[in-house]
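Dear colleague,

I am passing on the structure that follows, and I would be grateful if you could look through it alongside the notes below.

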Amino acid sequence: MKREALMQAVQMRMSEKRFKHVLGVEETAVALAERFGASPEKASIAALTHDYAKERSDEEFQLAIEQGSYSNKSELLKYGNAIWHGVVGADFVAHELQITDQEILSAIRLHTTGGAEMSLLDKIIYVADYIEPGRNFPGVEDARVIAFSDLDQAVAFETKHTLAHLIESETPVYPKTIETYNRWVVGIE
Ligand code: DGI
Ligand code: FE
Ligand code: FE
Ligand code: FE
């Protein structure tokens with residue numbers, strides 16, 4: 001699908017506000033790709049589709065998990081939209097938008113939690129989602145500066161702050177988020 005058609009398919013699936021966020025992530029992801037030598041085309045496609053499934057119902061996600069081939073079905077079912085829209089959303093993107101590029105699908109899959117192993121594109125989408133121009137929270141300016149100087153440090157910054165918020169609000173932490181913390185914040189290899 002060309003960029004224009006992809007944009008339309010994505011826009012149809014979400015609020016105006018979320019679509020604006022998606023375009024902000026695209027702009028930032030392409031800039032990070034140019035800065036760090038990743039493919040701007042892949043960054044654009046991954047950014048445009050990263051929240052494609054975010055407005056699907058819990059029932060649709062639960063059905064997809066039950067019928068799908070996820071290794072951790074029963075654990076996955078204990079979480080909710082925050083985790084499902086990336087992990088399961090990547091499969092909706094693959095099937096409904098005919099995206100087969102595994103680098104793009106991995107970046108969508110990991111965009112919320114990160115992972116112990118992340119490709120350059122995975123890191124770009126994870127960080128771009130956090131710092132896009134529409135984001136406005138204490139610390140976002142610091143995150144933006146760090147991102148364009150050291151992407152790994154930006155992954156660490158984002159992970160540490162996200163985990164702190166999850167703990168502060170007693171939100172369940174998905175195991176992959178802990179793995180991301182151990183690898184990129186603590187530095188366990
Ligand atoms: O979809 P976005 O709002 O653009 O951003 P996102 O996909 O990065 O994050 C969605 C939400 O997921 C956000 O409120 C933070 C939350 N989140 C991140 N890690 C975890 C998590 N929620 C749970 N329950 N567990 C996690 O490990
Ligand atoms: Fe998201
Ligand atoms: Fe994020
Ligand atoms: Fe997002």
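Before the metal sites are described, one convention is needed: an N, O or S atom counts as a donor when it lies within 2.8 Å of the metal, and because water is not among the atoms, sites may look incomplete. Please also keep in mind that this is a predicted model.

With that in place, the iron ion (ligand 2) and the iron ion (ligand 3) are 5.6 Å apart. The protein donors of the iron ion (ligand 2) are Asp51 (OD), His85 (NE2) and His111 (NE2), which lie 2.1 Å from the ion, and along the chain they follow the spacing D-x33-H-x25-H. Two of these donors link distant parts of the chain, since Asp51 belongs to the loop between α3 and α4 while His111 belongs to the loop between α8 (102-109) and α9, 60 residues apart.

The iron ion (ligand 4) is coordinated at 2.2 Å by His21 (NE2), His50 (NE2), Asp51 (OD) and Asp129 (OD), and the spacing of these donors along the chain is H-x28-H-D-x77-D. Asp51 therefore appears in both donor lists, and it bridges the iron ion (ligand 4) and the iron ion (ligand 2), which lie 3.5 Å apart. Because Asp51 lies in the loop between α3 (40-49) and α4 (58-67), whereas Asp129 lies in helix α9 (residues 120-131), this pair ties together parts that are 78 residues apart in sequence.Turning to the organic side of the site, ligand 1 sits in the largest pocket. It is surrounded by 17 residues, of which the closest are Lys54, Thr112, Arg135, Pro172 and Thr177. By residue class, the shell around ligand 1 divides into 6 nonpolar, 7 polar and 4 charged residues. Helices α6 (81-87) and α11 (151-168) each supply at least two residues of that shell, and the largest share, 3 residues, comes from α6.

Several polar contacts to ligand 1 can be inspected directly. A polar side-chain atom of Asp129, also a donor to the iron ion (ligand 4), lies 2.9 Å from an oxygen atom of ligand 1. A backbone N or O atom of Pro172 is found 2.8 Å from a nitrogen atom of ligand 1, and a backbone N or O atom of Tyr174 is found 2.9 Å from an oxygen atom of ligand 1. Taken alone, ligand 1 exposes 570 Å², and the protein buries 77% of that.

With best regards

Methods:
Residues numbered from 1 in each chain as written. Chains lettered and ligands numbered in written order. Predicted model: local features only at pLDDT ≥ 70, side-chain atom pairs only at ≥ 80, totals over all residues. Heavy atoms only, no water. Near = heavy atom within 4 Å. Polar contact = N/O pair within 3.5 Å; in protein donor to acceptor, adjacent residues only side chain to side chain. Areas by Shrake-Rupley, 256 points an atom, 1.4 Å probe, with all protein chains shown as cover. 1 Å grid on protein atoms, 1.4 Å probe; cavity = no way out; pocket = protein on both sides within 12 Å on 5 of 7 lines; lining within 4 Å. Sits in = over half its atoms within 2 Å of the grid points. Helix = DSSP H or I, 4+ residues; strand = E, 2+ residues; numbered from the N terminus. Nonpolar A, V, L, I, M, F, W, Y, C, P; charged D, E, K, R; others polar. Donors = N, O, S within 2.8 Å, 3.2 Å for Na, K, Ca; no water.
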